[in-house]
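Visitor: Could you take me through one part of this structure up close? I would like to see how one helix sits among its partners.

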Amino acid sequence: MEQPWIHKSKTDSAFILAPSFLVLVIVFLCQDWLVAIQDQYSFYTWLFLIVFIDVAHVYATLFKTYFVPAEFQRRKKLYVGLPLFCFVIGFVLFLFGSQVFWSVLAYVAVFHFIRQQYGFMRLYSRNEDKTYAWIDNLIIYSATIYPMLFWFLSSKRQFNWFVENEFIKYENHYLITIFTYLYFAIMAFYVIRTIFNSIKQQYFNFPKNAIIIVTALSWYFGIVYFNNDLVFTLLNVVSHGIPYIALIYLNEIEKKKREELGFLHTLKARKGMVLFILFLLLIAFSEEFLWEILVWNEQFSVAEFDFSNWQFILVPLLTVPQFTHYLLDGFIWKRKAKLQS
């Protein structure tokens, strides 16, 4: 049986699987260096990790939806209505206070991050017998949900998803112990079952198991083992953003025929890939620049203007692309998984 690559073995390995493993290696070998970077180069870590990866990956969705004329016309009501829905919900939430707004968005973001790892696993297991698919689901959800439960039940961590006190906390070391034993039992079961099936079937699904392993390692070491903001951001952002950008380009541009792409066919060439990346970086920086001057005032600020009285409009409005991305992914990739199953 052939390996179920999304594009090709080299490109999948380099851009979807390898980034997370590479970051894990850096985290373990260069901890002192990472501490120095966090303390001395906060602007550059913000620029490259938050802006050029995390924010940029949100806009990659455009190349599967809004920038594809046939797709946009086919689901026009969804693509027009969802951003409006996100703004209205965000506006209402912000009326209850910024803490309520960011807390709800944080839970939605966590769900989105978990579902992306599940989605990659399902894409790489699309050719397998679905009889025991629930076991793979148990593994991938355990790999992501346990670290979040640890976060919710433990003492204060040195990192946040968006803002401080965004999650409901219930410090309980007894529950942590129970969930930890259960987690490692499930992981041990996964290892034993995978070895047994590989020997029995004379086949090892490399990309599916790589996704499961790197997800488990990234979430465990990023949230549970280390208690460091930069380590969390590296493992969280790189493992999520770069594979997503690669998936969009490889599956929605590189693999598509010229007539399917319309004006996007110009992005298939090498220069087109550069333009694709440059577009994402530019629009991501533009959005984050607006966040900085209108809301955060951490990296940039406009001292002569005070926008504090307009936060109830500005924050929900600026969050629309991100919020829409979280919800829209639930539609577009669910349909894709069905088509490829």
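Guide: Here is a walk around helix H10, its two helix partners and a pocket that it helps to line. Please keep in mind that this is a predicted model. H10 covers residues 229–254, and helix H1, residues 9–29, packs against H10 at an angle of about 175°, with the axes 9 Å apart. An angle over 145° counts as roughly antiparallel, so that is how H1 runs relative to H10. On the H1 side the contact includes Phe15, Ile16, Pro19 and Val23, and among their counterparts in H10 are Leu234, Leu235, Val238 and Ile242. Sorted by class, this contact has 14 nonpolar, three polar and one charged residues.

Now turn to helix H6, residues 98–124, whose axis comes within 11 Å of that of H10 and crosses at roughly 50°. The two helices are therefore oblique to each other, and the crossing is left-handed. H6 brings His112, Phe113, Gln116, Gln117, Phe120 and Leu123, while H10 offers Asn236, Ser239, His240, Pro243, Tyr244 and Leu247. Here the classes are six nonpolar, six polar and no charged residues. Ser239 and Pro243 of H10 also belong to the contact with H1.

Finally, the largest pocket holds about 1100 Å³ of space. Its lining takes at least two residues from each of H3, H6, H10, H12 and H13, and H3 gives the most, with nine. Of the 36 lining residues, Trp46, Ile50, Asn160, Trp161 and Phe162 are the closest to the centre. By class, the lining has 17 nonpolar, ten polar and nine charged residues.

Conventions
Residues numbered from 1 in each chain as written. Predicted model: local features only at pLDDT ≥ 70, side-chain atom pairs only at ≥ 80, totals over all residues. Heavy atoms only, no water. Axes fitted to C-alpha atoms, helices over the stretch in contact; angles between N-to-C directions. Helix = DSSP H or I, 4+ residues; strand = E, 2+ residues; numbered from the N terminus. Parallel < 35°, antiparallel > 145°, perpendicular 65-115°, else oblique. Contact = heavy atoms within 4.5 Å. Nonpolar A, V, L, I, M, F, W, Y, C, P; charged D, E, K, R; others polar. Left-handed = near helix turned anticlockwise from the far one by under 90°. 1 Å grid on protein atoms, 1.4 Å probe; cavity = no way out; pocket = protein on both sides within 12 Å on 5 of 7 lines; lining within 4 Å. Points joined across faces, edges and corners; volume = space filled by probe spheres on them.
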